[in-house]
Amino acid sequence: MNIITAKQLVHEFIRRDEEGNVDSITTALDHVDLDVKPGEFIAILGHNGSGKSTLAKHINTLLAPDEGTLWVDEMDATLPENAIPIRRSAGMVFQNPDNQIIASVVEEDVAFGPENLGVASADIRERVRTSLKSVGMSKYRNHSPNKLSGGQKQRVAIAGVVAMEPKCIVFDEPTAMLDPNGRREVIATAHKLNQKKGVTIILITHYMEEVVGADHVYVMDHGKIVMDGTPREIFSDIETCKHYRLDVPQSTLLADELRNAGLPLPKGVLTREELRDRLLDLFVDPVRRGQYYQQLNPVSFADRIPKHREYVTDKTKDIIVDHVSYEYSSGTAYRVKALDDVSLEIPRGQFVGIIGHTGSGKSTLISHLNGLLKATSGHIYVNGEDIYDEDYKIKDLRSKVGLVFQYPEHQLFETTNFKDVCFGPRNQGLDEKTVELRAFEALEQVGFPQELFDASPFDLSGGQKRRVAIAGVLAMHPEVLILDEPTAGLDPAGRDEILNLLARMHEEMKITIILVSHSMEDVAEYVDRIIVMNQGKAVYDGEPREVFKRYLELEQISLAAPQVTYLMHELQDSGMPVNPTATTVAEAAETIIAAFGA
Amino acid sequence: MLRDITIGQYYPAESPIHKLDPRVKLFATLIYIIALFVFKGALGFGIITVGLVAMIAVSSVPLSYILKGLKSIVVILIITSLFNVVFTTGDIIFVKYGPFVISDAGIRNGIVIIFRLIYLIMGTSLMTLTTTPNQLTDGLERSMRHLAKIKFPVHAIAMMMSIALRFIPILIDETDKIMKAQMARGADFETGGLIKRAKAMVPLLVPLFVSAFRRADDLAMAMEARCYNGGVGRTKMNPLRYGKKDAIAYMIIFAFLAAVIVARILLPWPM
């Protein structure tokens, strides 16, 4: 007997204008069939707007289907009287960790569900205890949720669902707003609940690497299920995955490159370990190795390998951070050293990545560069001038050094996109004609379609909003553009669009770009230099390949080097003469093929 | 700015007062306020002082912590007292100028009102200092549950209070972030006249409201998903239950009120 059976499910979002006439109809679910057996771990993949969240909300009866039938735990989900019993057997964890925690104390929040169900007080206490234990949050039971990290909050939210003792839990993009640590915590918790408690899991995500452990994967696009099968079956068809804007893991991509070049690797390699073992198998016999090399297709990777760019330092044009320290709540017992004697020099025109996990001081550092925070000690020089000099105009600095914050779309406030972009240049005191010219240019630079200039920013998709917000800073003509986690919360396709946009702007406009991120893999291909922050210090600083040489040390401060780096080191350790500093898929493919010919 | 207000913020400790049922503390506060306004005479004043001092001593909240909360209302205290002094006529008039008089009764009233207000703030903040916001909402909900019979939305109000308590710190954080982001775009929140400053708030308030509505929407959905269906049929993880200490506390409260009333009848002098 299935726990969830959906047949020909249809859901339409109807938008009406002010008179109540139908403005547009979006088909969010288009004749979807879904069968889930008890105890299964199901993953639903798809880019933003593919309909996967709409499907999730149906399972929890938060939305009702327009057509078709849906049975959850042998109850008809189309009948309103079944809503509460269905929500009891199919719980749901949402994307934003903050917006689903109701109480100000962890254990009271976990108790919220069972309290609603009318469970006896003693049983509630027992359920709260066991569910906090099952997500590994027991010692935080009396904490305020505001003091927890994103991953911990999400685990509290999971405990809150577990306490209702559901047969099935739907995770609606639970990792989209988390850093890599938080993502691992949440996915591991989902697997643990599935294996130890036999809870059916439906994981909705846009990251392919999170679905590797699933029993069955569905891919959605435009409200339809377009692919379904085991992870291996899905991962075998990389071209189709890319077509549906999914993020294929580096190991799978690399295996595919090598297979296209002629190495006899199977389709759908899932993990780094699997690829390593398969490669070593092919490599082990020197005679066969040579034969493989003879049969390879002539493929060149050279044009896809980023060229190293040289930058000349010039004290009159660079940003110089000179022994800067910053303390929060300075002078009290609660003081926290957010920056600890940081010294850097960033030449004009460089593309820099600042990497660190949450709380490493990376955001504090960039707030110093445009004067939003003032160092407790040390100096910062921009274009040769000390920004802490008494006669230095901090307002000028803000236009020289543009800062785009995390989730910048949250700062949009005007009635139209165009007006919003005008805000910055107008504050600079420019005349109206120049302001509009600047806004126009900036929106063009970020590739924003002209027909949407007069639309409201609140009607745009996440990626488009972010473009407008970046244009809002670009319009101030900064010499340096700093972006704090510009890809946070976007789906893989949106992320690549923004990163490519930045790379293009760096190339064409010759401005310095400083990119703050917690993801090594994202920035490795784009930046000239990586600065790794940990506990307020700049611990490593250099070209990506130099920094990734320290992959073991990076792991200790819970940052992961790209998958390829690990793979190259493992291959080298097993006796394959590859260049271990390869960081991108193209570089790795080149050096592996060279190793077969050696 | 908002973070600096410490008046009445919960002070964690393990005192007998902290452990009392919040309903007892709510009731005691009510009685205390009544006592403050019915007392007359030095004896009554003495009883209230003894009561307040004893409570503070038992609560193990440092006196300095309570007094710090008074700092923010010094101006209000002085103004209220001054009004009492200059607008009350009495038997003996010292100075008279236009509508203003300074009399013996005026001075007496001025002093009494200062003490009343200081005692009022100290006593009521003692309640919030020793009760977590959650206990307080719980206590209010239980104390007022009979009002639900006349269709007063007791549960809804209590739920709203606890959600507000949860989201205030988040929204303060968010205000800070948006403010910084707009400052990075050259916005100026600090200089200029009143109108200019009010205008400068638009880029701050619009995103803040949008975000608050988005959060409210998400939260409503999350609550529904966890079977929230209003207050009907709900149970509590830790339901409020009276213990022996609460009974003793009630007796002390009644004795206190009785003493103040008796003092007023017997010795209504000299205030």
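The points below go through a predicted model of two chains, A and B.

1. Domains of chain A. The domain assignment splits chain A into three parts: domain 1 covers 4–243, domain 2 covers 250–307 + 567–597, and domain 3 covers 348–370 + 400–542. Domain 2 of chain A is thus written as two segments, 250–307 and 567–597. Taken over C-alpha atoms, the centres of domain 2 of chain A and domain 3 of chain A are 36 Å apart.

2. Annotation on chain A. An unreviewed UniProt entry lists "domain: ABC transporter" for residues 14–247 and 319–560 of chain A. In the model, the span 14–247 of chain A is 36% helix and 25% strand. The C-alpha atoms at the ends of that span are 30 Å apart.

3. A helix pair in chain A. Helix H9 (residues 250–261) of chain A packs against helix H21 (residues 563–573) of chain A, at an angle of about 60° and with the axes 9 Å apart. An angle of about 60° falls outside the 65 to 115 degrees that count as roughly perpendicular and is not under 35 degrees, so H9(A) and H21(A) are oblique to each other. Their crossing is right-handed.

4. Residues of that pair. From H9(A) come Gln250(A), Ser251(A) and Leu254(A), which meet Gln563(A), Val564(A) and Leu567(A) of H21(A). The contact holds 3 nonpolar and 3 polar residues, with no charged residues.

5. Domains of chain B. Here the assignment gives domain 1 as 1–146 + 242–271 and domain 2 as 153–234. Over C-alpha atoms, 33 Å lie between the centres of domain 1 of chain B and domain 2 of chain B. Where these domains touch, domain 1 of chain B contributes 9 residues and domain 2 of chain B contributes 7 residues. The side belonging to domain 1 of chain B has 4 nonpolar, 2 polar and 3 charged residues.

6. Annotation on chain B. UniProt, again in an unreviewed entry, marks "transmembrane region" at residues 30–61, 73–95, 107–131, 152–172 and 247–267 of chain B. Two of these spans can be set against the model. Residues 107–131 of chain B are 96% helix and 0% strand, with end C-alpha atoms 37 Å apart. Residues 247–267 of chain B are 95% helix and 0% strand, and there the end C-alpha atoms are 30 Å apart.

7. A helix pair in chain B. Helix H4 (residues 63–70) of chain B and helix H6 (residues 104–130) of chain B pack at about 120°, their axes 10 Å apart. H4(B) and H6(B) are therefore oblique to each other, and they cross in a right-handed sense.

8. Residues of that pair. H4(B) brings Ile66(B), Gly69(B) and Leu70(B), while H6(B) brings Ile118(B), Ile121(B), Met122(B), Ser125(B) and Leu126(B). By class, this contact of H4(B) with H6(B) has 6 nonpolar and 2 polar residues, and no charged residues.

9. Contact between the chains. Chain A supplies 52 residues and chain B supplies 43 residues. On the side of chain B that touches chain A, helix H7 (133–143), helix H8 (154–184) and helix H10 (202–225) of chain B each give at least two residues. Which helix gives the most to this side of chain B? H10(B) does, with 14 residues. The residues on the side of chain B that touches chain A are 24 nonpolar, 9 polar and 10 charged.

Methods:
Residues are numbered from 1 along each chain as its sequence is written. Chains are lettered from A and ligands numbered from 1 in the order in which they are written. This is a predicted model: local features need pLDDT of at least 70, side-chain atom pairs count only at pLDDT 80 or more; totals for chains, interfaces and linings use all residues. Two residues are in contact if their C-beta atoms, placed from the backbone, lie within 7 Å. Helices (H or I, at least four residues) and strands (E, at least two) are DSSP runs, numbered from the N terminus. Ala, Val, Leu, Ile, Met, Phe, Trp, Tyr, Cys and Pro count as nonpolar, Asp, Glu, Lys and Arg as charged, and the others, Gly among them, as polar. UniProt positions are given in the numbering used here, feature names are shortened, and annotations may be inferred rather than shown by experiment. Axes are lines fitted to C-alpha atoms, for helices over the stretch in contact, and angles run from 0 to 180 degrees between N-to-C directions. Angles under 35 degrees count as roughly parallel, over 145 as roughly antiparallel, 65 to 115 as roughly perpendicular and the rest as oblique. A crossing is left-handed if the near helix is turned anticlockwise from the far one by less than a right angle, and right-handed if clockwise. Domain bounds come from an automatic or database domain assignment.
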